[in-house]
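Here are some short exercises on a protein structure. Look at the model, try each task, then read the solution.

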Amino acid sequence: MTAPLVTRLSKADAASVADAARVLAAGGLVAFPTETVYGLGADATDGRAVARLYQAKGRPAFNPLIAHVADLNAAQALGRFDADATRLAAAFWPGPLTLVLAKAAHCPVAELATAGLDTIAVRVPNHKVARDILRAFGKPVVAPSANRSGHLSPTTADHVLADLGGRIDLIVDGGATPVGIESTIVACLGEPVLLRPGGLPRAAIERTLARKLTDPPAAGTDDAPLAPGMLASHYAPRTPLRLNARRVEAGEALLAFGPTPAEGAGRAKSMLNLSERGDLIEAAANLFSQLRALDAAGAGAIAVMPIPADGLGEAINDRLARAAAPR
Ligand code: TXA
Ligand code: MG
């Protein structure tokens with residue numbers, strides 16, 4: 001575990017908004033109100049900040065996160081809007097609606113934040129404090145609900161302090177959140193699919209689109225996300241993974257961890273190290289981008305060195321096990 005932080009609690013005003021933008025720019029964690037629930041924000045483009053966020057939440061797995069932006073223009077730099085998405089954004093943003101879109105070509109969001117997926121969840125919150133912080137920061141902010149994994153979503157700053165005090169840098173107190181439940185999530189990747197019911201009623205969405213929303217095949221929860229058939233629920237490389245590898249076999253690429261080289265590392269077709277220092281935050285930040293790079297190396301398999309199971313190691317091992325599962 002990392003050393004506890006001193007969590008500052010500030011009333012929302014111009015000074016605390018500027019403070020929030022500074023903390024985000026430095027890779028820190030800021031809880032702030034949205035119209036739905038309090039979010040725990042990190043710089044979406046900074047993989048290490050995103051890794052710290054997962055650590056603070058104590059999530060045993062890397063669920064993809066929602067990127068929050070100040071307006072439609074900023075959202076269009078992250079995801080590709082089809083006709084349905086364009087209509088929904090025009091009707092309901094800012095507001096309690098999250099759109100899952102195909103990632104835009106030069107999307108700057110860290111691979112860890114989307115858990116290596118080719119899709120991205122985006123929303124423009126309708127709350128003055130959230131939008132002021134997003135504008136002041138000027139970059140996308142990933143923000144899951146500001147609670148520890150398995151706990152209830154917080155609707156007041158006091159809830160956040162009770163749950164995350166000592167684990168995050170700053171809480172901006174903007175009073176109780178008006179909606180009180182999370183945003184409705186709709187995937188616009190073809191037929192629109194309702195991935196999570198939430199603060200925006202389904203009927204309003206169906207009226208705007210003049211059609212019914214498809215339901216995902218399997219129900220999900222916040223900590224065990226939906227696995228809708230048409231959406232890849234987790235990142236999977238084409239090259240088979242061989243986990244807990246202590247030596248490299250002929251024709252393999254190597255995903256290393258830590259300072260001690262694997263046996264036969266010299267014969268790896270390609271090698272990357274998640275963290276030479278053995279730092280799990282650095283390893284999490286590198287995980288999906290390095291898997292992608294090694295997947296492109298044309299190796300027969302990717303040998304993955306053992307990763308410790310403590311801290312973020314649990315989530316890293318969870319994702320590796322899923323990526324290694326036969327399909
Ligand atoms: O109201 C809200 O949406 C709040 C506030 C803070 O904005 N945020 C929130 O985030 O509820 P979180 O992380 O607790 O829930 C995000 C949900 C998860 O169930 C996740 O699996 C899903 O969004 N999600 C994110 N990216 C996705 C993607 N690319 N495809 C499918 N589902 C995705
Ligand atoms: Mg949540």
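This is a predicted model.

**Exercise 1.** Place Asp 132 and Arg 135 in the chain, and describe the contact between their side chains.

*Solution.*
- Step 1: Find the element. Asp 132 and Arg 135 both sit in helix 5, residues 128-137.
- Step 2: Note the spacing. The two are three residues apart, about one turn of the helix.
- Step 3: Check the side chains. Asp 132 and Arg 135 meet in a salt bridge, 3.6 Å from N to O.
- Step 4: Check the surface. Asp 132 has a relative accessible area of 23%. Buried would need under 20% and exposed over 50%, so Asp 132 is partly exposed.

**Exercise 2.** Describe the salt bridge of Arg 87 and Asp 84, and classify each residue by accessibility.

*Solution.*
- Step 1: Both residues lie in helix 4, three residues apart, about one turn of the helix.
- Step 2: Their closest N and O atoms are 3.9 Å apart. The cut-off for a salt bridge is within 4 Å, so the pair counts as a salt bridge.
- Step 3: Arg 87 has 42% relative accessibility, so Arg 87 is partly exposed. Asp 84 has 7%, so Asp 84 is buried.

**Exercise 3.** Which parts of the chain does the salt bridge between Glu 111 and Arg 292 link?

*Solution.*
- Step 1: The closest N and O atoms of Glu 111 and Arg 292 are 3.1 Å apart.
- Step 2: Glu 111 is in the loop between strand 6 and strand 7 (119-123), while Arg 292 is in helix 8. The pair links distant parts of the chain, 181 residues apart.
- Step 3: Arg 292 is partly exposed, with a relative accessible area of 27%.

**Exercise 4.** Trace the open sheet of four strands and find the helix that packs on it.

*Solution.*
- Step 1: The order is 12-15-13-14, with parallel pairing.
- Step 2: Strand 12 (241-242) and strand 14 (271-273) are the edges, each pairing on one side only.
- Step 3: Strand 13 (residues 252-256) pairs with strand 15 (residues 301-304) over four bridges. Here Leu 254 stands opposite Ala 303.
- Step 4: Helix 8 (residues 280-295) packs on the sheet and touches strands 12, 13, 14 and 15. Its direction makes about 175° with that of strand 14.

**Exercise 5.** How many aromatic pairs does a search of the whole structure find?

*Solution.*
- Step 1: The search finds two.
- Step 2: In one of them, the ring centres of Tyr 54 and Phe 62 are 4.8 Å apart and the planes are at 70°, so the pair is edge-to-face. Both residues are buried.
- Step 3: Phe 81 and Trp 93 also pair edge-to-face, at 6.0 Å and 85°.

Conventions:
Residues numbered from 1 in each chain as written. Chains lettered and ligands numbered in written order. Predicted model: local features only at pLDDT ≥ 70, side-chain atom pairs only at ≥ 80, totals over all residues. Heavy atoms only, no water. Phe/Tyr/Trp six-rings, centres within 6.5 Å; stacked < 30°, edge-to-face > 60°. Buried < 20%, exposed > 50% of the residue type's maximum accessible area, 1.4 Å probe, protein only. Pairing = 2+ DSSP bridges. Contact = heavy atoms within 4.5 Å. Axes fitted to C-alpha atoms, helices over the stretch in contact; angles between N-to-C directions.
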